[in-house]
Amino acid sequence: MIASRHDPGIASKTKKRPALAPPRSISAAFQWKYLARDLQAGIITGAMAIPLSVGIVLMSEYPIKVGLATVAFACFIGWIVALFRPGNFIGVPGIAAGLSPVLALGVARFGIENMAFVIFLTATMQALIWKFNWQRYILLAVPAYLVEGLLAGVGLKIALKFLTFTYEIPVEQESTDAFWNGERLRMALISLMAFAMFVYLFSKFKDTKPAVPYFLLIGASVALAQFLPVPMLHVDDVPLDFFPPIPQFSSALTWVSVLGFAAMLAAVNVIEQVMSNAAIEKIDPLGRKCNTNNSLLAIWIANMGSSFFGGMTNLDGLAKSTTNKLAGAMTKFSVFIIGLVVTFFVMNSQYLEYLPKFSLAVIMIFSGWKMISRLWYVAHHGHYAMLLAIFCGLLVYQVGIFEGLLIAMAMHGLVNYLVFHRAGGIPGKVIIKKYLKKFSSDYD
């Protein structure tokens, strides 16, 4: 004991013992010194997440209460997993705008009664991706710029879907003589002014207080609704029951379609999470590194759990995560608080009916535009990547998300084959061999 106190070598080793520092998992989920900051951030981000999540749920053709329950459940799972295997430190899980048309497509194709099984199957595939760390292969197979193109097409779908909300008027104000009457023109003008205000506030506060535009827009629209008749949000009081996700179809063709759909949903979900983690790592207030595979663990557990109450898919959204960071979040405890805030509105969904539809439209049209504008970041990949991303976006909008992505990937493969085989004079077998070599574990 005396020697260790006076021997500088032993003393320095003692100072460097990992046991003196708090375990990484605990520091990721909660720290007393950050309690006030995380509590504040959770309340602010949770309040901001409500209208954004409601808009995404409407786009997905799901019941609002079910969608909000998915967000709350994903937040609680994200915080619990952070106790043991933290993926990121301030990322906020929830339903993603980029996947909303995919889910809507699933509802239309397989029926809402079968979506629980589709989500369960998706979670199972994500569990395999997590277990064997297959995310790296997905990212090799699907170029990042194709994903940006897919999201741009989805953004266009979202913007046009909610455009009708900007000029919707109460039924009693509709005219049988003309579509565009005075009340509808007034509603369109109000929506335009609200959108301009939101964009201005977002540009002003996006780097400091990104929740401000959401709070002011919702507050102003609720106040306006007290003086002018405007269409309001309606929330169906659906029961949140737990039930096993058992499929209700028997056709072999339907099974093949479901498997393909779930694989596409799982892949896009994983790719979006990987991209979100890269961005969340950059904005982390303490510069901490993200572990994407741990994030995928939280995702598939939350997805599998949500399938037992008819819930949706989730991932760490960048908009909510940025708000969480700027609101002062330091650990995942802020996500636990967000889950409590969202749970309040799940249990008291009647308060959501004070929300005017046009304010939701403003938020979702802006979200759609942000997804489309991400195409500008593809420019640094070159002209080919930019053209292919735009082509993919148009295909997604025109023929569907699943089909559009497959056609764009097939086109990408054909172009690469022709370039290497025709222009480069490389035999087809060598091209295929080189491509497959990318997926070997020893390939750098």
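Okay, let's start with one residue: E61 is partly exposed, with a relative accessible area of 41%. Before I go on, keep in mind that what you see above is a predicted model.

So where does E61 sit? You'll find E61 in the loop between α4 and α5, the helix that covers 64–82. The backbone there does something to look out for: E61 isn't a glycine, yet its phi is positive, near 65°.

There's a second residue like that. N133 also has a positive phi, near 55°, and N133 isn't a glycine either. Look for N133 in the loop between α7 (115–131) and α8 (135–141). N133 counts as partly exposed, because its relative accessible area of 30% falls between the 20% and 50% cut-offs.

Back to E61, since its side chain has a partner. How many salt bridges does the model have? The count is six, and I'll walk you through some of them.

In one of them, the side chain of E61 meets the side chain of K161, at 3.1 Å from N to O. Those two are 100 residues apart, with E61 in the loop between α4 and α5 and K161 in helix α9, so distant parts of the chain are linked. K161 is partly exposed, at 37% relative accessible area.

Next up, K65 and D237. Their side chains form a salt bridge at 3.0 Å, N to O. K65 belongs to helix α5 and D237 to the loop between α11 (212–224) and α12, so this pair ties together parts that lie 172 residues apart in sequence. Is K65 buried or exposed? K65 is buried, with a relative accessible area of 10%. D237, on the other hand, counts as exposed, at 63%.

And one more: E168 with K357, at 3.2 Å, N to O. E168 is in the loop between α9 and α10, K357 is in helix α16, and the two positions lie 189 residues apart in the sense that they are that far apart. K357 is buried because its 19% is under the 20% cut-off, while E168 is partly exposed at 24%.

Now, cysteines. A disulfide is a covalent bond between the sulfur atoms of two cysteines. How many disulfides does a search of the whole structure find? Zero. If you want to look at individual cysteines, C75 is buried, with 0% relative accessibility, and C392 is buried at 0% as well.

Let's turn to the largest pocket. It holds about 1,500 Å³ of space. Of the 49 residues lining that pocket, the closest to its centre are L318, A319, T322, K370 and R374. Several elements each give at least two residues to the lining, including α4 (35–60), α9 (144–163), α12 (252–283), the strand β2 (315–317), α14 (318–326) and α16 (357–373).

Last stop, the surface. F391, V399, I407, M411, L414, Y417 and L418 make a nonpolar patch of about 550 Å². Which helices each supply at least two of its residues? Those are α17 (383–399) and α18 (401–423). The largest share, five residues, comes from α18. Take Y417 as an example: Y417 is in helix α18, and Y417 is partly exposed, with a relative accessible area of 32%. That value matters here because patch residues need over 30%.

That's my tour, thanks for listening!

How values were computed
Residues numbered from 1 in each chain as written. Predicted model: local features only at pLDDT ≥ 70, side-chain atom pairs only at ≥ 80, totals over all residues. Heavy atoms only, no water. Patch = residues over 30% accessible without salt bridge, like charges linked within 9 Å, V, L, I, M, F, W, Y side chains within 5 Å. Areas by Shrake-Rupley, 256 points an atom, 1.4 Å probe, with all protein chains shown as cover. Salt bridge = Lys/Arg side-chain N within 4 Å of Asp/Glu carboxyl O. Helix = DSSP H or I, 4+ residues; strand = E, 2+ residues; numbered from the N terminus. Buried < 20%, exposed > 50% of the residue type's maximum accessible area, 1.4 Å probe, protein only. Disulfide = S-S within 2.5 Å. 1 Å grid on protein atoms, 1.4 Å probe; cavity = no way out; pocket = protein on both sides within 12 Å on 5 of 7 lines; lining within 4 Å. Points joined across faces, edges and corners; volume = space filled by probe spheres on them.
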